Amino acid sequence: MSFHLDYLLDLPGVKVETCTQIEGKIYFKLSALASEIVCPHCNNYTEELHQNRPILVRDLSVFGRFVYLQVPRRQFYCPNCQRYITEKLEFIDKKRRHTQRYEQNIYARVQQSSISQIGREEELSYDEVKGIFTQVNFSQKKNCWESVKRVSIDEISMRKGKGSFVTVVSDIEGGNLIEMIDSHRQQDIVEVLMRQPLKVREQVEEVSVDMWGGFPKVIKQVFPNAQLVIDRFHVMKAVNKDLNKLRRGIGITDRGSKYLLLSNRINLEHAQIEKLEIILQKSECLRIAYEMKEEFREIYETNMTVTIAQTEFKDWLNYAQIFFQESASTIVNHFEGICNYFLNRTTSGVMEGINNRIKLIMRQGYGFSNFDNFRDRVLACFSN
Ligand SMILES: [Zn+2]
C-alpha cells in the first residue's frame with residue numbers, strides 16, 4: 001500500500017495492504033513478503049502454499065488509538081518430507097494473539113504498575129494481561145546463556161559471493177540462537193564470547209564446530225572445560241560433496257539423482273529406492289562409492305565408544321582414498337574432534353534450520369548498515 005506505512009510498522013517479513021479505522025481503532029491488513037519458508041523438519045525451502053487463514057493480532061497503539069493487525073497465517077506443504085507446516089512469524093510467539101513488542105510493552109508496564117491497572121488502560125482482561133506477563137517471563141528465561149551446556153559455532157555468508165561472514169552461536173539443546181558476531185575472525189569471536197561471565201563459560205561442556213582451522217584455539221580460550229566436537233553434519237556434508245562430484249564426473253544427470261544418492265537410505269521410500277537402484281546400475285564405481293557413503297553414515301548411527309569409533313573410521317579411511325579424496329584428508333586432519341562426537345552423540349542438525357531462518361530474515365530486506373540493530377532483531381526473533 002505505502003512504503004511509509006511499512007516503514008512505520010517496522011515488522012519483518014510483512015507489508016501493509018490496507019489500513020482502516022473502525023470505531024476509533026486502527027486495523028492494518030498485512031501480507032507476507034516471502035514466497036517460501038524453511039521446513040523445520042528437513043530444513044529445505046518450500047514454496048507450495050497450502051492455505052492461508054489470517055488471524056487478528058494486537059499491536060502497540062499509535063496516536064492514542066488501539067492497533068490491530070490482520071496477519072497472514074500460511075500453511076505450506078513440504079514435498080520433501082510430505083508434511084504440512086504452519087509458517088512461523090518472527091514477531092509473534094507461537095499461539096499468541098499479540099505481537100512480541102506489544103507483550104514486551106505490557107510486561108514492562110505491569111512491573112511499574114499492576115495487572116489490573118494495565119488491563120484497564122489497554123481494555124484487556126485480567127487473565128489476558130497475566131498471560132502476557134507469564135509468556136514474556138518464559139521466553140526471556142529461554143533466551144539466556146545461563147543453562148547452556150552444548151554450544152554450536154557456525155558461520156554463514158551474509159551476501160552471496162561477497163565474502164562477508166557472520167558467526168552464529170547456538171544452544172544446541174534449546175535449538176536456539178544465542179549470539180551473532182559480525183566477523184569470522186578468531187580474535188573478534190573470542191572478544192564477543194569472553195563477555196559472558198567465566199561461570200557461564202565454564203559450564204559449557206561441548207562445543208560443536210565445522211572444520212574451519214581456527215576453532216580449537218578459540219574454544220580452549222573461551223570455554224575451558226569444553227570438548228571440541230566436529231559436527232557430524234559438516235563431516236557428512238564433506239563426504240556427500242565428494243559423492244556428488246563423482247556422480248557429475250560420471251555424467252549421471254537423471255532428475256533427482258543427487259537427492260536420491262545423498263539422502264540417507266533409511267529415509268527413502270520404496271519407490272525412491274527403486275529409482276536409486278536404476279541410477280546405481282549405470283555405474284559400478286558410483287555404487288561402490290554410494291555404499292561407502294552409507295557405511296560412513298552407519299558408523300555415525302551406531303552407539304559406540306570414542307576408541308571403537310576411531311577404529312571404525314580408520315578402517316573406512318583405508319578404502320576411502322579413491323572416491324573420497326578430499327573428504328578423507330579433511331577427516332584425517334580433524335580426526336580427534338570427529339571421534340569426540342561419540343562422547344555424547346550431540347548433533348547440531350538444528351543449526352541448518354537456524355541458519356536458513358537467519359538467511360530468510362536477511363532476504364526480507366534488512367539493511368546491513370547497522371549490524372548491532374540487525375543482531376538484536378535476529379536474536380529477538382529466536383527468543384521464543
Ligand atoms: Zn520438510
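**Close-ups: a pocket, a zinc site and two loop residues**

**View 1. The second largest pocket has a volume of about 1,200 Å³.** This is a predicted model, where local features need pLDDT of at least 70, side-chain atom pairs count only at pLDDT 80 or more, and totals for chains, interfaces and linings use all residues. Residues are numbered from 1 along each chain as its sequence is written, and side-chain values use heavy atoms, with hydrogens and water left out. A pocket here is an open set of points on a 1 Å grid over the protein atoms alone, where a 1.4 Å probe fits, with protein on both sides within 12 Å along at least five of seven lines; lining residues have an atom within 4 Å of a point. Points are joined across faces, edges and corners, and the volume is the space filled by probe spheres set on them.

**View 2. Here's what lines the second largest pocket: 40 residues.** Thr 86, Glu 87, Lys 88, Lys 94 and Arg 357 lie nearest its centre. Two or more lining residues come from each of β3 (37-38), β9 (83-86) and α16 (350-363), and α16 gives the largest share, six residues. (Helices are DSSP runs of H or I, at least four residues, and strands are runs of E, at least two, numbered from the N terminus.) Domain 1 (3-142) and domain 2 (150-231 + 348-381) each supply at least three residues to the lining; the bounds come from an automatic or database domain assignment.

**View 3. Four cysteines hold the zinc ion: Cys 39, Cys 42, Cys 78 and Cys 81.** Each coordinates through SG, at 2.2 to 2.3 Å. (Donors are N, O and S atoms within 2.8 Å of the metal, or 3.2 Å for Na, K and Ca; water is not among the atoms, so sites may look incomplete.) The donor atoms subtend angles of 104 to 124 degrees, so the arrangement is tetrahedral, a label for four donors with all angles between 85 and 135 degrees. The sequence spacing reads C-x2-C-x35-C-x2-C. Cys 42, in the loop between β3 and β4 (45-46), and Cys 81, in the loop between β8 (74-78) and β9, are 39 residues apart and link distant parts of the chain.

**View 4. Gln 82 has a positive phi, near 55 degrees, without being a glycine.** Look for Gln 82 in the loop between β8 and β9. Its relative accessibility is 45%, so Gln 82 counts as partly exposed (buried is under 20% relative accessible area, exposed over 50%, partly exposed in between, with a 1.4 Å probe and protein chains only).

**View 5. Glu 123 also isn't a glycine, yet has a positive phi of about 55 degrees.** Glu 123 sits in the loop between α3 (115-122) and α4 (126-142). With a relative accessible area of 58%, Glu 123 is exposed.

Methods:
Tetrahedral: all angles 85-135°; square planar, octahedral: opposite > 155°, others 65-115°.
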